[in-house]
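The following exercises concern backbone geometry and sheet topology. Please work through each task before reading its solution.

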Amino acid sequence: MYLAITLNLSRMGFPLLNFVFYLSIARTSLCASEGWFLHVTDFHWDSTYTSRDLSCNGVVNTHGVYGDYWCDSPYSLIDVTIKAMKNATLDKTVDFMLWTGDSVLHTGDEHLSLDNNVGILQNLTAHLQQTFPTMDVYATYGNHDYYPNGQYPPHNNEIYNRTLEHWRTWINDSTQEATFLKGAYYTLKTKYGIRILALNTNLYYTSDKVTTHMDDPADQFVWMKNILQQSRRDSEKVLITGHVPPGVAAEGGKTWFYQHFNIHMLHILHQYSDVIIGLHFGHEHADTFRMFYDHSGRPVMTMYIAPSVTPWRYKTSATTGPKHNPSFRLIKYDRITGRHLDLVQYYMDLPESNKHNRAIWNVAYIATRDMKIPDISPSSMDDFANRTKNPTSQEFQNHLKWRNANAEVMPCDALCHSLLFCNFMKLQERDFKVCLRDTQHYTATLAFGKRK
Ligand SMILES: [Zn+2]
Ligand SMILES: [Zn+2]
């Protein structure tokens, strides 16, 4: 067994050094009530990589076989990522997968079409179904999956209809198919009884011009409340998944959602924090999380935000995003209580993989080992978040590295530190602004203390 796994990992391009990580993970997953789930997000497949480079934000001199930090994922990167996901599940009991959207490349609508976007979704769905034929997959749309980009309507349309043809194997429940066709949201129970709420939060995203003035696009809020209410009555535990996260983005300090949607969403989530065991989102292409606190300041929920598969860096005339490596993650949880126990974050070293012409995947961190926390419950994540308040702490330096999937540690001044720290702690713009001011005051006091 030992030899078999070692050979397999080296064939897949895993350095032998990492074997010890895999062995330790395998050892910790022996309890029958403990299982794992996969989370993958933001593939952003660019089939024009090397030909037209439609997604590329910068000049690519040498096209690496697995892609480039300036561009979205070529098919070769998608293929090795799905293989690495499969490989990572071999020594674990993985119960299901979350796939949180953004499969389409970053480019102008003039280069896309409804057929093109549905085709990308169809191909990725087929690839995942072939690799994981018996896996329950809870898939949600990203803002880039719609055509025209981000303009999700609050009613049935051709994209929802055609997507369901491909996702029916996973959704496979007539009531849920109806809500999917209405607004691309649904709920299903895992085989161990955890309720999954798969949301279409693209309806609340500020790039959606169709829903701006609405109160409850596609009646998703009222539906969500009803499900959560019923779950409380039935003593179920609920895991929420979707693409665009509520809360404030670290870059720019603005909410992704329109203000009124952000407030409404947070209100519902807080109301049902006794039922919700975790929230898993994508969209940010960075590894981070957000904390929810009750009125007494007790941590009650955590939203985990997974980094992307695509290495693409955003670039505007004013800012350039950091380099980041392709990633996916595995989360260990209690199948009955839903309690989140651990998180293993994987990344592909893009330059090294291109240099050696083979996919080199590593473990970026194991939460319980590298974050010095006993599990990834809200109280543990709150403990970690608080330790990042000091910008010179090992925890904050680690966060800077992990945030970009170990590709680049950006220089981070006091403002940058406060943006990242407050991103963990505050989910409304006005609270976020107060947090920025207080945190910068705190770090200035630390620096002053040192000078004395
Ligand atoms: Zn994305
Ligand atoms: Zn997105």
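A residue counts as buried if 20 or more other C-beta atoms lie within 10 Å of its own, as exposed if 12 or fewer do, and as partly exposed in between, with C-beta atoms placed from the backbone. This is a predicted model, in which local features need pLDDT of at least 70, side-chain atom pairs count only at pLDDT 80 or more, and totals for chains, interfaces and linings use all residues. Residues are numbered from 1 along each chain as its sequence is written, and chains are lettered from A and ligands numbered from 1 in the order in which they are written.

**Exercise 1.** Determine whether Ala 405 is buried or exposed.

Solution. Begin with the backbone: Ala 405 is not a glycine, yet its phi is positive, near 50°. Next, locate Ala 405 in the loop between helix H12 (394-403) and helix H13 (414-425); helices (H or I, at least four residues) and strands (E, at least two) are DSSP runs, numbered from the N terminus. Finally, count neighbours: 30 other C-beta atoms lie within 10 Å, so Ala 405 is buried.

**Exercise 2.** Carry out the analysis for Asn 357: is this residue buried or exposed?

Solution. Asn 357, also not a glycine, has a positive phi of about 60°. The loop between helix H9 (350-356) and strand E12 (361-366) contains Asn 357. With 10 other C-beta atoms within 10 Å, Asn 357 is exposed.

**Exercise 3.** Which strands stand at the edges of the open sheet?

Solution. Write out the order of the six strands, E4-E5-E6-E7-E9-E8, with mixed pairing; two strands pair if DSSP finds at least two bridges between them. Strands E4 (186-189) and E8 (288-293) each have a single partner strand, so they stand at the edges.
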